[in-house]
Protein chains: 2
Amino acid sequence: MSLPCICTTLRSASRRMIAFYDEAIAPVGVNIAQFSLMRSIARVEPVTLTALGRRVELDRSTIGRNVRVLEKMGLVALGRGEDQREATVTLTDAGRKVLDDGAPLWDGAQKALDDRLGVEFMRRLHAALDAL
Amino acid sequence: MSLPCICTTLRSASRRMIAFYDEAIAPVGVNIAQFSLMRSIARVEPVTLTALGRRVELDRSTIGRNVRVLEKMGLVALGRGEDQREATVTLTDAGRKVLDDGAPLWDGAQKALDDRLGVEFMRRLHAALDAL
DNA sequence: CCACGTCGCGGGCATATACCCGCAACCCAT
DNA sequence: ATGGGTTGCGGGTATATGCCCGCGACGTGG
C-alpha cells in the first residue's frame with residue numbers, strides 16, 4: 001500500500017519546524033521566513049529583487065511582496081539601482097537590530113534541536129535535504 | 001559562522017519537492033496538497049472538517065478553505081452530520097477518479113526519487129523527518 | 001427547563017508562494 | 001538612431017496556512 005510520499009512528509013515536517021522557529025523568533029517581531037530573508041539580504045546588500053530571488057530560490061514576485069512587508073515594518077529600505085529598472089534592497093538600522101537580537105533566539109532553537117536529536121543527526125538531515 | 005538553520009533547509013527542500021510533485025500530478029488537475037488531502041479524505045470519509053484537520057495536522061480553517069476549493073472543482077461533496085454543527089466531507093465519483101488516475105503519476109514521482117537517491121536513503125529521510 | 005460553557009464552522013486578516021501579463025528600461029544589430 | 005529582443009518590476013490571480021472572532025448548535029448542572 002502507498003505510504004505517505006516524501007513530499008507530504010516533508011511538507012508536514014516543514015510546517016512543524018516553521019511553527020517551532022516562528023515561536024522562537026517571535027520576540028523580535030518577525031517570522032522565520034522574514035528573518036531568513038533578512039539574513040540573506042544582509043549577506044549581499046545592496047541587492048536587486050531578481051538577484052535576491054535567484055539566491056534564495058524564490059520567485060521574483062514573491063521576493064518583491066515579502067520585501068515590501070519588511071519595508072512597511074521599517075526593516076529594509078528599497079532604492080533604485082543604476083539600471084533604472086532595478087529595485088535594490090538594503091537593511092535599515094532597525095533591520096540590523098532585529099538580526100542581532102534574533103540571532104541568539106535562532107541559535108537557541110537550533111541548539112534545542114541539536115540537543116534533542118544530536119548534531120550528527122542534524123548534519124545528515126541537512127545533507128539529505130540538500131540532496132533533494 | 002551560522003549555517004542555514006534546519007528550518008530554512010527544510011522549507012527550501014519542501015518547495016522543491018512540492019514543485020516536483022505538483023508537476024507530476026498536474027495532468028489530473030490538482031496540486032499535491034489537494035491530492036494528498038483527498039487521499040486523507042478517502043481513508044476516513046465521511047469525516048468532519050475538524051476531525052480531518054486533526055488527522056492531517058492542519059488548522060481547521062485551512063481544511064475548510066482547501067475543501068471548499070475541491071468542492072468547487074467537483075471533487076468532494078460537503079454535507080451535514082447528525083450534529084448540525086458538523087460539516088462532513090466525502091469524495092465524489094470525479095474525486096475518486098482523480099485519485100485513481102493520479103496514483104500512477106504519484107508512484108512515478110516517488111519511483112524517480114527512489115531511483116535517483118536509493119530506497120534506503122528515502123526510508124531514512126522519512127524517519128528523520130518524522131522525528132522532527 | 002434554562003442559563004452557561006463547549007464545540008464546530010465560516011469569515012476576516014495576514015503572510016508565503018507561484019505563474020502570468022504588461023510596461024518601462026536596456027542593449028544590440030543593422 | 002531605430003526597431004526588436006531581453007530584462008526587471010508591479011500587479012492580478014490563485015492556493016496554502018495560521019490565528020482570532022462571532023454565531024449557532026449541543027449538553028449539562030441547577
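**Protein–DNA and protein–protein contacts in the predicted complex**

A side-chain N or O atom of A:Arg15 is placed 3.0 Å from a phosphate oxygen of DNA strand D. The model is a predicted one, and the contacts described here are computed from its atoms. Two further residues of chain A approach the phosphates of this strand. A:Leu49 does so through a backbone N or O atom, 3.3 Å from a phosphate oxygen of DNA strand D, whereas A:Arg68 uses a polar side-chain atom, at 3.4 Å from a phosphate oxygen of DNA strand D.

In total, DNA strand D is surrounded by 26 residues, of which A:Arg11, A:Thr50, A:Arg65, A:Arg85 and B:Ser61 are the closest. Of the atoms of DNA strand D that come within 4 Å of the protein, 59% are accounted for by sugar and phosphate. Both protein chains contribute to the surface near DNA strand D: at least two residues each are supplied by H1, helix H3 (49-56) and helix H4 (60-72) of chain A, and by helix H2 (32-44) and helix H4 (60-72) of chain B. The most is given by H4(B), with five residues. By class, the surface near DNA strand D has twelve charged, nine polar and five nonpolar residues.

DNA strand C is likewise surrounded by 26 residues, and the closest are A:Ser61, B:Arg11, B:Thr50, B:Arg65 and B:Arg85. A phosphate oxygen of DNA strand C lies 3.0 Å from a side-chain N or O atom of B:Arg15. Contacts to bases are also present in the model. The side chain of A:Arg85 brings an N or O atom to 3.1 Å from a base nitrogen of DNA strand C, and the side chain of B:Arg60 brings an N or O atom to 3.1 Å from a base oxygen of DNA strand C. Sugar or phosphate makes up 62% of the atoms of DNA strand C within 4 Å of the protein, and bases provide the rest.

The surface near DNA strand C draws at least two residues from each of H2 and H4 of chain A, and from each of helix H1 (6-25), helix H3 (49-56) and H4 of chain B. H4(A) provides the largest share, five residues. Twelve charged, nine polar and five nonpolar residues form the surface near DNA strand C.

The two protein chains were then compared. Chain A superposes on chain B by a rotation of 180° with 0.0 Å of shift along the axis, at an RMSD of 0.0 Å. The two copies are therefore related as by a two-fold rotation axis. The same surface serves both copies, since 100% of the contact residues of chain A recur in chain B.

Between chain A and chain B, 39 residues of chain A are in contact with 39 residues of chain B. The two chains bury about 3,700 Å² between them, with 67% of this area on carbon and sulfur atoms. A:Ile6, A:Arg11 and A:Leu132 supply 18% of the area that chain A buries against chain B, more than any other three residues. A:Arg11 is thus both a contributor to this buried area and one of the residues closest to DNA strand D.

Two salt bridges are found across the interface of chain A and chain B. In a salt bridge between the chains, the side chain of A:Arg16 meets that of B:Glu57 (3.8 Å, N to O). Four residue pairs are in polar contact between chain A and chain B. On the side of chain A that touches chain B, two or more residues come from each of helix H1 (6-25), helix H2 (32-44), helix H5 (93-117) and helix H6 (119-131) of chain A. H1(A) gives the most, with 14 residues. This side of chain A has 24 nonpolar, eight polar and seven charged residues.

Note on methods
Residues are numbered from 1 along each chain as its sequence is written. Chains are lettered from A and ligands numbered from 1 in the order in which they are written. This is a predicted model: local features need pLDDT of at least 70, side-chain atom pairs count only at pLDDT 80 or more; totals for chains, interfaces and linings use all residues. Side-chain values use heavy atoms; hydrogens and water are left out. Copies are superposed by least squares on the C-alpha atoms of residues with pLDDT of at least 70 in both. Contact means heavy atoms within 4.5 Å. Buried area is the accessible area (1.4 Å probe) that two parts lose on being put together, summed over both. A salt bridge is a side-chain nitrogen of Lys or Arg within 4 Å of a carboxyl oxygen of Asp or Glu. A polar contact is a pair of N or O atoms within 3.5 Å; within protein, one must be able to donate a hydrogen and the other to accept it, and residues adjacent in sequence count only if both atoms are side-chain atoms. Helices (H or I, at least four residues) and strands (E, at least two) are DSSP runs, numbered from the N terminus. Ala, Val, Leu, Ile, Met, Phe, Trp, Tyr, Cys and Pro count as nonpolar, Asp, Glu, Lys and Arg as charged, and the others, Gly among them, as polar. A residue is near a molecule or strand if one of its heavy atoms lies within 4 Å of it.
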